[in-house]
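Trainee: I would like to go through the terms used for this model and ask what each one rests on.
Mentor: Go ahead.

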Amino acid sequence: MPADTKLTHRILLAAAFAGGLSVANPALAQDFSAGWEAYQRGEFINALNIWTPLAEAGSSKAMFNIGALHDEGRGVPVDRKKAIEWWGRAAEAGHAQAMHNLALAYIEGDGVEQNYDRAYGWLERAAYHGLVRSQYSLGKMYEYGLGVDTNEIRAALWIERAAIAGFDRAQYNMGKRYRDGNGVDQSLEMAARWFLAAARQGYSKAQNHIGTRYLRGEGIALDKIEALKWFTLAAEQGHSGAAKKAEKLKAELSAEQLAEAVTRAETFEPRRATVY
Amino acid sequence: MPRMLTAIFALFLMPATVWAQTPPDEASAFIEGLGTRAVEVLQDQTISLEEREAKLRGIVADSFEVQEIGRFVLDKAWGRANEEERSEYLDLFADYVLQTYTKRLGGYSGQTLNIQDSKVYRERLALVSTSIEQQGAEATKVDWLVRKKDGAIKILDVVIDGKSMTLTQKREFASIIAREDIGGLLQLLRLKVSKYSAQG
């Protein structure tokens, strides 16, 4: 093999092991897309047949998707062991979502022996890859002391990372942490800011909480119209507590204030929000 | 199966809420309608699989008594859980159940749902027996335990080849709670609903 061919071969192999083969090679990328189109049509066996040679050639995206097909029983019987095997290969090749799913498998102990150390290790790697779900889960592991010593400060640090990246549940959690001084210095103002961010994204529990902050003027300027708007929005999503608060608050407001709150609720559209 | 279901019926019959009987003909029409709606959505190739499954999730959410099943599945741990834990658990359980059923149904490939029987069960409930058939494969026997309450029929349990999904879930959760208490179960559910599916 000539030196330049050897070099090309080595570069391709390196790309494959870094999980980038499907991107680095246009032909394979096209094949991967054909598999995805088959998947979208519900032709799962077809997708599996397209992705398998790609996975064998080193595509971590194909490995991950094959794992998901086995895990969910799409086109094949549910087989957790096979799913974990494929996710393991994809994770070793640097696929962040595979790391996250693998961590879950180690926590569940389904298809693989339960192992919190390994679960933590994969979750941490996925979190450092920027996966917000993994960052949030790591925070919760520290909060409940699962596989690690309970540590509210570390819990808050991981959850805050996910919150800053825009994960609504993490933002809501940070709101509660600042409200209670749990793992962070207590700050009603910061609590309100985080609740508001999650509420703006459409998270009903946060909408209920920010409604209460506005009603009490706690960490944010008192504003009963805004309070009613948020209670109404939370209630529309089935939050029974917010519905009761909305009913009670309506009795305190003038017709103009009620109309304004209704207009604001009707024109509300969830959008990406954060605090920083 | 009868003994297995008795435990479930006993629980769902306990609340003081007054509800009507569940007429078997209405129950079977409900299940048949559910199957028809699901197939219509799943056969729509004009939208992506994610969109089809999101629509299906809405149908499943409307058809199952998810919150009540969630409380039943948690069993005695419900009494020990604080308000915050109960609230988070019910949210996560609903997400998990809807996601599970949706993904299972999302793999639709031409199966047909045939109603075989529908009868009154324990006075107020109905049990609809169906068979899910697919060419070249053995039929799956699926029983649906349903209840009419406040004028609406909802599913309380699905029994696949004699295996109650609700009781299976309850046993699985009980072993996690025994090991890790409610915190461990919440973390597991959080992770389960955060699991990633195939990506494009």
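**Terms and their grounds**

Mentor: We start with B:K141, which is partly exposed, its relative accessible area being 41%. The model is a predicted one.

Trainee: Why is B:K141 called partly exposed?

Mentor: Buried would require under 20% and exposed over 50%. The relative accessible area of B:K141 is 41%, so B:K141 counts as partly exposed.

Trainee: Where does B:K141 lie, and which residues does it touch?

Mentor: B:K141 belongs to strand β3 of chain B. Leaving aside residues up to four places away in sequence, B:K141 touches B:S129, B:T130, B:V159, B:I160 and B:D161.

Trainee: What makes the pair B:K141 and B:D143 a polar contact?

Mentor: Their side chains are joined at 3.4 Å. The cut-off for a pair of N or O atoms is within 3.5 Å, so the distance of 3.4 Å satisfies it.

Trainee: How do you know that β2 and β3 of chain B are paired?

Mentor: Pairing needs at least two bridges. Strand β2 (residues 125-133) and strand β3 (residues 140-149) of chain B are joined by 8 bridges, so they count as paired; they run antiparallel. In this region B:T130 stands opposite B:V142 in β3(B).

Trainee: What is the strand order of the sheet, and why are β1 and β5 of chain B said to stand at the edges?

Mentor: The open sheet has 5 strands in the order β1-β2-β3-β4-β5 (chain B), with antiparallel pairing. Because β1 (112-121) and β5 (163-164) of chain B each have a single partner strand, one side of each has no neighbour in the sheet.

Trainee: Turning to the two chains, what makes A:D71 and B:K195 a salt bridge?

Mentor: The closest N and O atoms of A:D71 and B:K195 are 2.9 Å apart. The limit is 4 Å between a side-chain nitrogen of Lys or Arg and a carboxyl oxygen of Asp or Glu, so this pair qualifies. The rule finds 6 salt bridges across the interface of chain A and chain B.

Trainee: How much area do chain A and chain B bury between them, and which residues of chain A supply the most?

Mentor: The two chains bury about 3,200 Å², 50% of it on carbon and sulfur atoms. A:Q40, A:L104 and A:R133 supply 17% of the area that chain A buries against chain B, more than any other three residues. The contact involves 38 residues from chain A and 33 residues from chain B.

Terms used
Residues are numbered from 1 along each chain as its sequence is written. Chains are lettered from A and ligands numbered from 1 in the order in which they are written. This is a predicted model: local features need pLDDT of at least 70, side-chain atom pairs count only at pLDDT 80 or more; totals for chains, interfaces and linings use all residues. Side-chain values use heavy atoms; hydrogens and water are left out. Helices (H or I, at least four residues) and strands (E, at least two) are DSSP runs, numbered from the N terminus. Contact means heavy atoms within 4.5 Å. Buried area is the accessible area (1.4 Å probe) that two parts lose on being put together, summed over both. Buried means under 20% relative accessible area, exposed over 50%, partly exposed in between (1.4 Å probe, protein chains only). A polar contact is a pair of N or O atoms within 3.5 Å; within protein, one must be able to donate a hydrogen and the other to accept it, and residues adjacent in sequence count only if both atoms are side-chain atoms.
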